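Here is a small set of exercises to work through with the model open beside you. Try each task before reading its solution.

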Amino acid sequence: MAKPADTRTAGRKPVAKATRSAAETEKIRAALAARRDELRAEYDRTLSEITELQRDRLTDSAGDDQADTGTKTFEREQEISLANSILERSTQVERALERLDEGGYGWCERCGNPIPVERLAAFPSATLCVTCKQLEERR
């Protein structure tokens, strides 16, 4: 029995992937690793700050009314959301490093076309070309 055609790749010409020099690959790897390390440090700092703020809130909650409690809860949720955002960006950089090792870095995961260098310079962990990203955002 024949496999159904993949609608994402149907009618698309395969693009030959150009190879990078070892120097280019190492330059990209160093930049991604440095960004990953920055994000990890920022995440650790943020968690430290959240823990300290939480400790302060627990010791300074006597006499709080409902509005104070609600404000503290909102602030805590905002801080946790910020930490999760940093962790997500760190995960994206890790994934970019994996794609670099596998030879897929710089190529769109949806259409297989090269991701423009300008996009990678602005967003080094990009997995989609501009066209595919625009289509994804419209959905």
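**Exercise 1. A pair in the first helix**

Does Arg29 count as buried, partly exposed or exposed, and at what relative accessibility? Then find its salt-bridge partner and describe how the two are placed.

*Solution.* Keep in mind that this is a predicted model.
- Step 1: Buried means under 20% relative accessible area and exposed means over 50%. At 23% relative accessibility, Arg29 therefore counts as partly exposed.
- Step 2: The side chain of Arg29 meets that of Glu26 in a salt bridge, with 3.2 Å from N to O.
- Step 3: Both residues sit in helix H1, three residues apart, or about one turn of the helix.
- Step 4: Glu26 has 44% relative accessibility, so Glu26 too counts as partly exposed.

**Exercise 2. Another pair in H1**

Which residue forms a salt bridge with Arg35, and how far apart are the closest N and O atoms?

*Solution.*
- Step 1: The partner is Glu38, and the closest N and O atoms are 3.2 Å apart.
- Step 2: Arg35 and Glu38 are separated by about one helical turn, because they lie three residues apart in helix H1.
- Step 3: An α-helix has 3.6 residues a turn, so residues three or four places apart point the same way.
- Step 4: Arg35 is partly exposed at 32% relative accessibility, and Glu38 is partly exposed at 47%.

**Exercise 3. A bridge from loop to helix**

Examine the salt bridge between Glu109 and Arg99, and compare the burial of its two ends.

*Solution.*
- Step 1: The closest N and O atoms of Glu109 and Arg99 are 4.0 Å apart.
- Step 2: This pair links distant parts of the chain, with Glu109 in the loop between H2 and helix H3 (117-122) and Arg99 in helix H2, 10 residues apart.
- Step 3: Glu109 has a relative accessible area of 39% and is partly exposed, whereas Arg99 is buried at 6%.
- Step 4: To widen the view, the count of salt bridges comes to 11, and one network of them links Arg36, Asp37, Arg40 and Glu94.

**Exercise 4. The second helix**

What end-to-end span should H2 have, and what does the model show?

*Solution.*
- Step 1: H2 has 37 residues and, at 1.5 Å a residue, should span 54 Å.
- Step 2: The end C-alpha atoms of H2 are 53 Å apart, which agrees.
- Step 3: Buried residues of H2 include Glu79, Ile86, Val93, Leu97 and Arg99, and the buried residues of this helix pack against H1.
- Step 4: Take Glu79 as a case: its relative accessible area is 17%, so Glu79 is buried. Beyond its neighbours in sequence, Glu79 touches Thr46, Ile50, Leu53 and Arg57.
- Step 5: Just after H2, Gly103 takes a positive phi of about 90°.

**Exercise 5. Core and confidence**

Which residues touch the most other members of the largest nonpolar core? Check, too, where confidence falls away.

*Solution.*
- Step 1: The core has 19 residues, and Leu32, Tyr105, Cys108, Cys129 and Cys132 touch the most other members.
- Step 2: H1 and H2 each supply at least two residues of this core, and H2 gives the largest share, six residues.
- Step 3: Cys132 touches Cys108, Arg110 and Cys111, leaving aside residues up to four places away in sequence.
- Step 4: The mean pLDDT of the chain is 83, and 83% of its residues reach 70 or more. Over residues 1-16, though, the pLDDT is below 50.

Definitions and conventions
Residues are numbered from 1 along each chain as its sequence is written. This is a predicted model: local features need pLDDT of at least 70, side-chain atom pairs count only at pLDDT 80 or more; totals for chains, interfaces and linings use all residues. Side-chain values use heavy atoms; hydrogens and water are left out. A nonpolar core is a set of buried Ala, Val, Leu, Ile, Met, Phe, Trp, Tyr and Cys residues joined through side-chain atoms within 4.5 Å. Buried means under 20% relative accessible area, exposed over 50%, partly exposed in between (1.4 Å probe, protein chains only). Helices (H or I, at least four residues) and strands (E, at least two) are DSSP runs, numbered from the N terminus. Contact means heavy atoms within 4.5 Å. pLDDT is the predictor's confidence in each residue, from 0 to 100. The expected span of a helix is 1.5 Å times one less than its number of residues.
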